[in-house]
Amino acid sequence: MGYYDQNYRTYRKRKGRWLAPLIIGIVIGVLFIGLVMPEFMNSTNGGDDARDQVTIETNEQNGNQTLNTSVTVDVTTQITEVVEEVTPTVVGITNIQQRSDFFEQQEGIEAGTGSGVIYKNNDGTAFVVTNHHVIEGADTVEVVLYDDTHIEAEIVGSDLFSDLAVLRMDGAAVDKVIEIGTSESIKVGEPAIAIGNPLGLYLSSTVTQGVISGTERTIPQDFNQDGRADWQAEVIQTDAAINPGNSGGALINIYGQLIGINSMKINQAAVEGIGFAIPIDHALPIIEELETTGEVTRPYLGVEIYSLDEVPQTEWRDTLNLPSEVDGGVYVWNVEPLSPADQAGLERLDVITELDGNPIMNMIDLRKVLYQEKEIGDKIQVTYYRNGERIETDIELGSQ
């Protein structure tokens with residue numbers, strides 16, 4: 001056998017070793033492209049179920065060789081869809097107050113900013129709910145939509161105790177209104193999303209997510225900054241970040257429904273993740289009354305009162321002549337002429353201890369009975385002490 005014949009046979013043997021696997025690989029590749037790839041493409045990119053995707057490129061070291069790989073991640077979630085739907089309904093609020101300059105000319109000064117929620121748009125007029133403290137003292141209010149459209153708004157009415165206010169504006173540029181949910185059925189631990197403008201309009205439409213931390217919290221409020229609580233607000237607690245400027249914005253559930261109006265946070269260095277919102281079930285009747293009448297009318301007695309705990313206990317006995325069994329109440333400092341209390345015979349330094357049999361330990365207890373359980377024109381039984389004598393009388397409540 002010659003040299004070339006032997007080399008030719010060796011070549012044919014080597015060719016047979018790699019030719020068969022090559023043919024098999026080609027066949028498998030054809031089958032994969034023809035059968036598997038169309039199904040894969042349809043399941044990821046086809047039809048109406050297509051999602052926004054982000055390709056992430058990574059480099060992996062395999063020995064001395066660098067492998068470039070890419071992973072496609074679906075970034076569309078229920079939360080992103082809900083936020084996209086709700087964001088156009090959350091607006092910025094600018095509180096503008098008139099000030100005199102050096103030449104005694106009036107000019108509008110931005111006194112503060114906050115957030116609001118568009119909840120109604122009827123016949124070309126849109127209504128926005130926000131916090132009372134956001135628009136307090138304003139001479140003019142400007143609403144800034146999510147697309148930076150500026151619209152001057154009118155204050156329909158506001159209420160100190162609920163910290164709610166209603167604005168009215170031209171609805172031509174308004175595309176959506178928020179869907180109203182309920183706060184009655186929310187549960188601790190369920191997701192909560194806050195949308196607003198923290199720290200000013202340059203951070204407009206900021207979204208923060210957390211959970212419902214508490215459903216029936218009561219927070220003392222001091223309206224006149226005298227160091228004593230004037231009211232206790234019933235609020236929802238959440239750990240979704242709420243900062244200055246978020247006030248009046250929306251707290252929504254996972255379905256995009258409004259469950260609360262963001263109102264406040266605990267502003268202490270050692271406290272993190274405690275924010276509060278006004279439950280929408282409590283807010284709706286007040287919003288409707290503000291929209292209809294421009295004010296919230298509450299029943300009243302017509303007395304200026306203070307809590308007994310503000311008075312030294314020695315005065316309970318020496319000045320008010322209270323018996324030892326009295327451990328709390330409110331004392332009357334002034335009676336308005338011709339008021340229901342005046343007509344019922346209440347006098348200065350009378351001490352009220354019960355309303356309709358409900359113990360009254362302080363001003364908050366009295367206001368809760370009047371504002372939450374009674375209506376204008378109702379009769380209420382008042383138990384009070386005068387010179388150590390226990391007296392009961394019925395008073396027909398007037399309007400505040």
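Two residues are in contact here when they have heavy atoms within 4.5 Å of each other. With that cut-off, and leaving aside residues up to four places away in sequence, Asn-131 touches Asp-163, Leu-164, Ala-165, Ser-247, Gly-248, Ile-261, Asn-262, Ser-263 and Ile-278. The model in which these contacts are found is a predicted one.

**Overall composition**

The protein chain contains seven helices and 23 strands. Of its 400 residues, 39% count as buried, and the chain exposes about 22800 Å², of which carbon and sulfur atoms supply 48%. Among the contacts in the protein chain with a separation of 6 or more, 60% are accounted for by residues 24 or more positions apart.

**Asn-131 and its surroundings**

Asn-131 is found in a loop, between strand S5 (125–130) and helix H3 (132–135). Is this loop residue buried or exposed? Asn-131 is buried, because its relative accessible area is 0%, and the cut-off for a buried residue is under 20%. One of the residues that Asn-131 touches, Gly-248, also takes part in a polar pairing, in which its backbone nitrogen lies 2.8 Å from a polar atom of the Asn-131 side chain.

**Strands S6, S7 and S8**

Another of the residues touched by Asn-131 is Asp-163, which lies in the turn of the hairpin formed by S7 and S8 and has a positive phi of about 60°. Four residues stand between the two strands of that hairpin, and S7 pairs with strand S8 (residues 164–170) in the antiparallel sense over five bridges. Within this pairing, Glu-154 stands opposite Arg-168 in S8. On the other side of the sequence, strand S6 (residues 140–144) pairs with strand S7 (residues 150–159), again in the antiparallel sense, over four bridges, and the bridge partner of Val-143 in S7 is Ile-151. The hairpin of S6 and S7 has five residues between the strands, and there Asp-148 takes a positive phi near 75°.

**Strands S19, S21 and S22**

Strand S21 (residues 379–386) pairs with S19 in the antiparallel sense over four bridges, with Leu-355 opposite Val-382 in S21. S21 is also joined to strand S22 (residues 389–396) by eight bridges, and these two strands run antiparallel; here the bridge partner of Ile-380 is Ile-395 in S22. S21 and S22 form a hairpin with two residues between them, and Asn-387 in its turn has a positive phi of about 55°.

**Positive phi angles**

Most residues other than glycine have a negative phi. The residues below depart from that pattern, and each is listed with its place in the chain.

| Residue | Phi | Location |
|---|---|---|
| Leu-338 | near 65° | loop between S18 (330–335) and H6 (340–343) |
| Leu-349 | near 75° | loop between H6 and S19 (351–355) |
| Asp-148 | near 75° | hairpin of S6 and S7 |
| Asp-163 | about 60° | turn of the S7 and S8 hairpin |
| Asn-387 | about 55° | turn of the S21 and S22 hairpin |

For the two leucines, accessibility can be stated as well. Leu-338 counts as exposed because its relative accessible area is 70%, where the cut-off is over 50%. Leu-349 has a relative accessible area of 31% and is therefore partly exposed, a class that lies between the 20% and 50% limits.

**Helix H7 and the largest pocket**

Helix H7 (residues 363–373) is mostly covered, since eight of its eleven residues are buried, namely Met-363, Ile-364, Leu-366, Arg-367, Lys-368, Val-369, Leu-370 and Tyr-371. The N-terminal end of H7 is capped by Asn-362, from which a side-chain oxygen lies 3.1 Å from the backbone nitrogen of Ile-364.

Which residues are the closest to the centre of the largest pocket? The largest pocket has a volume of about 630 Å³, and of the 29 residues that line it, those closest to its centre are His-282, Ile-286, Arg-298, Tyr-371 and Gln-372. Two or more residues of the lining come from each of strand S12 (231–238), strand S14 (257–265), helix H4 (280–293) and H7. H4 gives the most to this lining, with six residues. Tyr-371 thus links the two topics of this section, being among the buried residues of H7 and also among the residues closest to the pocket centre.

Notes:
Residues numbered from 1 in each chain as written. Predicted model: local features only at pLDDT ≥ 70, side-chain atom pairs only at ≥ 80, totals over all residues. Heavy atoms only, no water. Buried < 20%, exposed > 50% of the residue type's maximum accessible area, 1.4 Å probe, protein only. Polar contact = N/O pair within 3.5 Å; in protein donor to acceptor, adjacent residues only side chain to side chain. Pairing = 2+ DSSP bridges. Areas by Shrake-Rupley, 256 points an atom, 1.4 Å probe, with all protein chains shown as cover. 1 Å grid on protein atoms, 1.4 Å probe; cavity = no way out; pocket = protein on both sides within 12 Å on 5 of 7 lines; lining within 4 Å. Points joined across faces, edges and corners; volume = space filled by probe spheres on them.
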